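Got your viewer open? Let's take a walk through this one together, one selection at a time.

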Amino acid sequence: MLLEAGADPNARDNFNATPLLTACGTGGWECIDHLVKHGADVNAQDRDGASPLHQCFFRGTMKCFERLIRHKPDAALKHFKSDIVPIDGVFRDNMHDMLDYVLNDKEIVSIVSDDPNMTVT
């Protein structure tokens, strides 16, 4: 309702997070398509450098990931503090379900990795 009335989908809070960053980090998958439709930046980064895709991987929010990945976010954005790309969160936190999902879809692999031959070992 606010977006239809002209609210800024890229407004920032005290942590420099946008509504899309917050949705991806808290499991608000229902909001993702709506926010992007109204101009939310899928590559916005908060004050630490986390992007919406980082949030999906760091928090393990699978439904958010499934929604966000359709909008082709930049998987090469590095987190400012830890200098890692989003998919590193999956390996770091041992999220097997999410990793299997990513690696079993060639289109998703092409989005999240610059290695088209990336596979589960």
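**First stop: the largest pocket**

Start with the residues that line the largest pocket: they divide into five nonpolar, five polar and four charged. Keep in mind as you click around that this is a predicted model. The lining has 14 residues in total. To find the middle of the pocket, select Asp46, Asp48, Ala50, Gln55 and Arg59, the lining residues that lie nearest its centre. The space in there comes to about 260 Å³.

Which elements give two or more residues to this lining? Colour helix 1 and helix 3 (52–59) and you have them. Helix 1 gives the most, with four residues.

**Second stop: helix 1 beside helix 3**

Keep those two helices coloured and hide the rest for a moment. Two packed helices are described by the angle between their axes and the distance between the axes. Here the axes of helix 1 and helix 3 come within 7 Å and cross at roughly 15 degrees. Angles under 35 degrees count as roughly parallel, and helix 1 and helix 3 are therefore roughly parallel to each other. Their crossing is right-handed.

Now show side chains. On helix 1, pick Leu20, Leu21, Cys24 and Gly25; on helix 3, pick Pro52, Gln55, Cys56 and Arg59. Those residues make the contact, and by class they are five nonpolar, two polar and one charged. You've met Gln55 and Arg59 already, among the residues nearest the centre of the pocket.

**Third stop: helix 1 beside helix 2**

Hide helix 3 and bring up residues 29–37, which are helix 2, next to residues 19–26, which are helix 1. The axes of this pair come within 9 Å and cross at roughly 165 degrees. That makes helix 1 roughly antiparallel to helix 2. How is this crossing handed, left or right? The crossing of helix 1 and helix 2 is left-handed.

For the contact, select Pro19, Leu20, Ala23 and Cys24 in helix 1, which meet Cys31, Ile32, Leu35 and Val36 in helix 2. By class, this contact has eight nonpolar residues, no polar and no charged.

**Last stop: helix 3 beside helix 4**

Finally, bring helix 3 back and add helix 4, residues 62–69. The two pack at an angle of about 155 degrees, with their axes 8 Å apart. Angles over 145 degrees count as roughly antiparallel, and helix 3 and helix 4 are therefore roughly antiparallel to each other. The crossing of this pair is left-handed.

Which residues make the contact? Select Pro52, Leu53, Cys56 and Phe57 of helix 3, then Cys64, Phe65, Leu68 and Ile69 of helix 4. The classes here are eight nonpolar, no polar and no charged. Before you close the viewer, click once more on Pro52 and Cys56: they also belong to the contact of helix 3 with helix 1.

Key: Residues are numbered from 1 along each chain as its sequence is written. This is a predicted model: local features need pLDDT of at least 70, side-chain atom pairs count only at pLDDT 80 or more; totals for chains, interfaces and linings use all residues. Side-chain values use heavy atoms; hydrogens and water are left out. Axes are lines fitted to C-alpha atoms, for helices over the stretch in contact, and angles run from 0 to 180 degrees between N-to-C directions. Angles under 35 degrees count as roughly parallel, over 145 as roughly antiparallel, 65 to 115 as roughly perpendicular and the rest as oblique. A crossing is left-handed if the near helix is turned anticlockwise from the far one by less than a right angle, and right-handed if clockwise. Contact means heavy atoms within 4.5 Å. Ala, Val, Leu, Ile, Met, Phe, Trp, Tyr, Cys and Pro count as nonpolar, Asp, Glu, Lys and Arg as charged, and the others, Gly among them, as polar. On a 1 Å grid over the protein atoms alone, a cavity is a set of points where a 1.4 Å probe fits but cannot get out, and a pocket is an open set with protein on both sides within 12 Å along at least five of seven lines; lining residues have an atom within 4 Å of a point. Grid points are joined across faces, edges and corners, and a volume is the space filled by probe spheres set on the points.
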